[in-house]
Amino acid sequence: MRASHDNFDIRKFFDDLPKDPACRIERGHIHASTNADDWLEFVGYFVSDGGLLVADRPTTPYWVYLHQSKPETLARMRACLDRLGWRYSLDIQNGCTRMLISNRCLRAWLAANCGIDTYTRRLPWKYLHLGDRQLTILF
């Protein structure tokens, strides 16, 4: 039987965020703790419907994106980002909406812990030890 970790503190996972000396304040960029349930919901959306902008140019934005075409799911994703306090822009093309978050440290953490693209995306192993309630949020 798995131990319940419903009260775990997500801030310990933010300790894993890289402390990039070149990190600058960008649109949506915060270094603050956040609600664990909202963070897990975001990670679930990222792994299922997200990605990272990949380019070799040093001036390329550090974009994390979520994309969605279903209005109900899009509304839930936007509400999650709003609760997290992250600013984002919208890009709508061919009935699909992309929510773009510019955040260097978030992008680096997601690349290292969740993968970069469809072929490498995964959940961090330590998240599989969460309690049933939070696993339901994640999945």
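From the N terminus on, the elements of this chain run α-α-β-β-α-β-β-α-α. That makes 5 helices and 4 strands. Before I go further, please keep in mind that this is a predicted model.

Let me take the strands next. They form an open sheet of 4 strands, in the order β1-β2-β4-β3, and the pairing is antiparallel. β1, residues 50-52, and β3, residues 89-93, are the edge strands, so called because each pairs on one side only. On average, neighbouring strands in the sheet are turned by 25° against each other, if you ignore direction.

Now the pairs. β1 is joined to β2, residues 63-68, by 3 bridges, and the two run antiparallel. If you want a place to look on screen, find Leu-52; its bridge partner in β2 is Val-64.

At the other edge, β3 and β4 are paired over 5 bridges, again antiparallel. Here Ile-92 has Thr-97 of β4 as its bridge partner. What lies between β3 and β4? A turn of 2 residues, which makes the pair a hairpin, and Asn-94 in that turn has a positive phi of about 50°.

On to what covers the sheet. Helix α4, residues 104-114, packs on it and touches β1, β2 and β4, the last being residues 96-102. The direction of α4 makes about 70° with that of β2.

That brings me to the interior. In soluble globular proteins, nonpolar side chains tend to be buried together. In this model the largest nonpolar core has 27 residues. Which residues have the most contacts inside that core? They are Trp-39, Phe-42 and Leu-110. At least two core residues come from each of α2 (36-49), β2, α3 (71-84), β4, α4 and α5 (132-138). The largest share is that of α2, with 6 residues.

Phe-42 is worth a click. Leaving aside residues up to four places away in sequence, Phe-42 touches Val-64, Leu-66, Cys-80, Leu-81, Leu-84, Trp-86, Ile-101, Leu-106 and Leu-110. Two of those names have come up already: Val-64 as the bridge partner of Leu-52, and Leu-110 among the core residues with the most contacts.

Last, the totals. The chain has 139 residues, and 42% of them count as buried. Among contacts with a separation of 6 or more, 66% are between residues 24 or more positions apart. The exposed area of the chain is about 8100 Å², with 53% of it supplied by carbon and sulfur atoms.

Conventions: Residues are numbered from 1 along each chain as its sequence is written. This is a predicted model: local features need pLDDT of at least 70, side-chain atom pairs count only at pLDDT 80 or more; totals for chains, interfaces and linings use all residues. Side-chain values use heavy atoms; hydrogens and water are left out. Axes are lines fitted to C-alpha atoms, for helices over the stretch in contact, and angles run from 0 to 180 degrees between N-to-C directions. Contact means heavy atoms within 4.5 Å. A nonpolar core is a set of buried Ala, Val, Leu, Ile, Met, Phe, Trp, Tyr and Cys residues joined through side-chain atoms within 4.5 Å. Buried means under 20% relative accessible area, exposed over 50%, partly exposed in between (1.4 Å probe, protein chains only). Accessible areas come from the Shrake-Rupley method with a 1.4 Å probe; for residues, only the protein chains shown count as cover.
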